[in-house]
Amino acid sequence: MPATSDDTPRPAPARRVHVDPQGPVLVEGPVEIVLDDGTVARSDRFAVAICTCRRSRTYPWCDTSHRRRERTPPPTEDRKS
């Protein structure tokens with residue numbers, strides 16, 4: 001959407017996020033992540049894998065540590081009671 005004048009801000013381009021229930025969240029970069037303690041982790045890569053299991057030695061970036069532990073599948077509608 002073009003701006004009508006130089007004073008009108010343009011919206012930031014949307015980032016695409018891919019969610020894999022068995023692995024990390026993949027985000028098109030560059031990416032800045034604000035951690036719990038307020039520090040900022042930045043990656044200028046074209047895509048990054050963000051750890052969701054907190055097992056990564058390079059947290060918040062995924063190092064595939066989630067593969068070492070088998071996850072139990074989420075309950076299905078039949079098993080919920």
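In what order do three strands form an open sheet, and in which sense is the pairing? In this predicted model, the open sheet has the strand order S1-S2-S5, and its pairing is antiparallel. The edges of the sheet are occupied by strand S1 (17-19) and by S5, each of which has a single partner strand, so that one side of each is left without a neighbour in the sheet. From one strand to the next, the twist averages 20°. The pairing of S1 with strand S2 (residues 25-28) is antiparallel and extends over three bridges, and within this pair Val17 has Val27 in S2 as its bridge partner.

A further antiparallel pairing is found between strand S3 (residues 31-34) and S4, which are joined by four bridges. These two strands form a hairpin with five residues between them, and in the turn Gly38 adopts a positive phi of about 95°. Across the hairpin, Ile33 has Ala41 in S4 as its bridge partner. The two faces of S4 can be told apart by their cover, in that Ala41 and Ser43 belong to the covered face, whereas Val40 and Arg42 belong to the uncovered one.

The loop between S2 and S3 contains Pro30, and the peptide bond that leads from Gly29 to Pro30 is cis, with omega near 0°. Gly29 is also linked in space to Phe46, since the two residues are separated by 17 positions in sequence but by 4.6 Å from C-alpha to C-alpha. Phe46 itself is located in the loop between strand S4 (40-43) and strand S5 (47-50). When residues up to four places away in sequence are not counted, Phe46 touches Val27, Glu28 and Gly29. Of these contacts, Val27 is the residue that serves in S2 as the bridge partner of Val17. Despite its contacts with Val27, Glu28 and Gly29, Phe46 is exposed, with a relative accessible area of 70%.

The segment after S5 holds several residues with backbone features of note. Arg54 lies in this segment and has a phi near 65°, which is a positive value in a residue other than glycine. In the segment after S5 there is also Pro60, and the peptide bond from Tyr59 to Pro60 is cis, with omega near 15°. Thr64 is likewise placed in the segment after S5, and although Thr64 is not a glycine, its phi is positive, at about 65°. The relative accessibility of Thr64 is 32%, so this residue counts as partly exposed.

The cysteines were examined for covalent links, and the structure was found to hold zero disulfides. For Cys51, the closest cysteine sulfur is that of Cys53, at a distance of 3.8 Å, which is too far for a bond, because a disulfide requires a pair of cysteine sulfur atoms within 2.5 Å. The relation also holds when viewed from Cys53, whose closest cysteine sulfur is in Cys51, 3.8 Å away and therefore too far for a bond. With regard to accessibility, Cys51 counts as buried at 5% relative accessibility, whereas Cys53 is partly exposed, with a relative accessible area of 21%.

Terms used. Residues are numbered from 1 along each chain as its sequence is written. This is a predicted model: local features need pLDDT of at least 70, side-chain atom pairs count only at pLDDT 80 or more; totals for chains, interfaces and linings use all residues. Side-chain values use heavy atoms; hydrogens and water are left out. Buried means under 20% relative accessible area, exposed over 50%, partly exposed in between (1.4 Å probe, protein chains only). Contact means heavy atoms within 4.5 Å. Two strands pair if DSSP finds at least two bridges between them. Axes are lines fitted to C-alpha atoms, for helices over the stretch in contact, and angles run from 0 to 180 degrees between N-to-C directions.
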